[in-house]
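Open the structure in your viewer and keep the selection tool at hand. We will go stop by stop.

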Amino acid sequence: MPTEILKAERLSKFFYEPGKFQVLHDVSLSVTKGEFLAIMGKSGCGKSTLLYLLSTLDTDYEGDLFIMGKKISGMEEDNLAKFRNENIGFVFQFHYLLPEFSARENVMLPALKLARWDKKTIEKRLWNASDRWEWRNSPQNHPENSQVASSNASLSRGR
Ligand SMILES: Nc1ncnc2c1ncn2[C@@H]1O[C@H](COP(=O)(O)OP(=O)(O)OP(=O)(O)O)[C@@H](O)[C@H]1O
Ligand SMILES: [Mg+2]
């Protein structure tokens, strides 16, 4: 039986500025391991809003969210931050890389912070994962930035 990695139950989201406005109405969905999913809809229908909820970045909503069987709704912010680092890889439209660190350091930062492996092991994982593209010194204005961000998203989690 496929493993359910994400379950949303009746998610509703309201914005209050400039007036009360309900963007998401009782959205329920389930995603199984290995499933590749795209969310489609016209501009302004609430795709980004939903993704912020599903990615645990926005905690101000009604309904319940479960990731790998764990109830995410109502979790303390510190535990949530740890859970995110351990389990969720983000690839944003804009890469949000830190210009004061090298591309390599940007990829390694979340894994170092997680401290599941020592630095040598993290470097080795990075080396194994990155043989198809070249590292540069700084991540600013690179065509490879999305690859840096993707590596960042996948290095720590190993799934
Ligand atoms: N912080 C906010 N405060 C008030 N209204 C907001 C806020 N963020 C988004 N909205 C409104 O919520 C609705 C959904 O926005 P959202 O950005 O989720 O749409 P989208 O489907 O991602 O659109 P696009 O395809 O243009 O990216 C829109 O009407 C938007 O104006
Ligand atoms: Mg959007």
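Begin with the sheet in this predicted model. Four strands make up an open sheet, and their order is 2-1-3-4. The pairing is antiparallel. Strands of a sheet pair through backbone hydrogen bonds, either parallel or antiparallel.

Now colour the two edges. Select 21-32 for strand 2 and 70-71 for strand 4. Each of these edge strands pairs on one side only.

**Inside the sheet**

Select strand 1, residues 4-15, together with strand 3, residues 62-67. How many bridges join strand 1 to strand 3? There are five, and the two strands run antiparallel. Zoom in on Ser12: opposite this residue, in strand 3, stands Glu62.

Stay on strand 1 and pick Arg10, which belongs to this strand. Arg10 is not a glycine, yet its phi is positive, near 50 degrees. Is Arg10 buried or exposed? Its C-beta has 12 neighbours inside 10 Å, so Arg10 counts as exposed.

Move on to strand 3 and strand 4. Two bridges join this antiparallel pair. Select Phe66 and Lys71: Lys71, in strand 4, is the bridge partner of Phe66. Then look at the turn. The hairpin of strand 3 and strand 4 has two residues between the strands. In this hairpin, Met68 has a positive phi near 50 degrees.

**The loop with a cis bond**

Next, select Glu17 and Pro18. A cis peptide bond joins them, with omega at about 0 degrees. Where is Pro18? Pro18 sits in the loop between strand 1 and strand 2. Keep Glu17 in mind, as Glu17 is among the residues that surround ligand 1.

**Around the ligand**

Show ligand 1 and its surroundings. From the loop and strands, select Phe15, Glu17 and Val23, which are among the residues around ligand 1. Add Gly41, Ser43, Gly44, Cys45 and Gly46, also part of this shell. Finish with Lys47, Ser48 and Thr49.

Which helix gives the most to the shell around ligand 1? Helix 1, residues 47-54, does, with three residues. Now colour the shell by class. You will find three nonpolar, six polar and two charged residues.

**Along helix 1**

Hide the ligand and follow helix 1. This helix lies across strand 1, strand 2 and strand 3. Turn the view to see its angle to strand 1, about 125 degrees.

Select the buried residues of helix 1: Leu50, Leu53 and Leu54. Look down the axis of helix 1. These buried residues fall within an arc of 95 degrees, so they line one face of the helix. What covers them? The cover includes strand 1, strand 2 and strand 3.

Step just past the end of helix 1 to Thr56, where phi is positive, about 75 degrees. Thr56 is in the loop between helix 1 and strand 3. With 18 other C-beta atoms within 10 Å, Thr56 is partly exposed.

**Last stop: helix 3**

Select helix 3, residues 103-114. Which of its residues are buried? They are Ala103, Asn106, Val107, Met108 and Ala111. Then pick Ala115, which follows helix 3. Its phi is positive, near 60 degrees.

Notes:
Residues are numbered from 1 along each chain as its sequence is written. Chains are lettered from A and ligands numbered from 1 in the order in which they are written. This is a predicted model: local features need pLDDT of at least 70, side-chain atom pairs count only at pLDDT 80 or more; totals for chains, interfaces and linings use all residues. A residue is near a molecule or strand if its C-beta atom, placed from the backbone, lies within 6 Å of it. Ala, Val, Leu, Ile, Met, Phe, Trp, Tyr, Cys and Pro count as nonpolar, Asp, Glu, Lys and Arg as charged, and the others, Gly among them, as polar. A residue is buried if 20 or more other C-beta atoms lie within 10 Å of its own, exposed if 12 or fewer, and partly exposed in between; C-beta atoms are placed from the backbone. Two strands pair if DSSP finds at least two bridges between them. Two residues are in contact if their C-beta atoms, placed from the backbone, lie within 7 Å. Axes are lines fitted to C-alpha atoms, for helices over the stretch in contact, and angles run from 0 to 180 degrees between N-to-C directions. The arc is that of the directions from the helix axis to the C-beta atoms.
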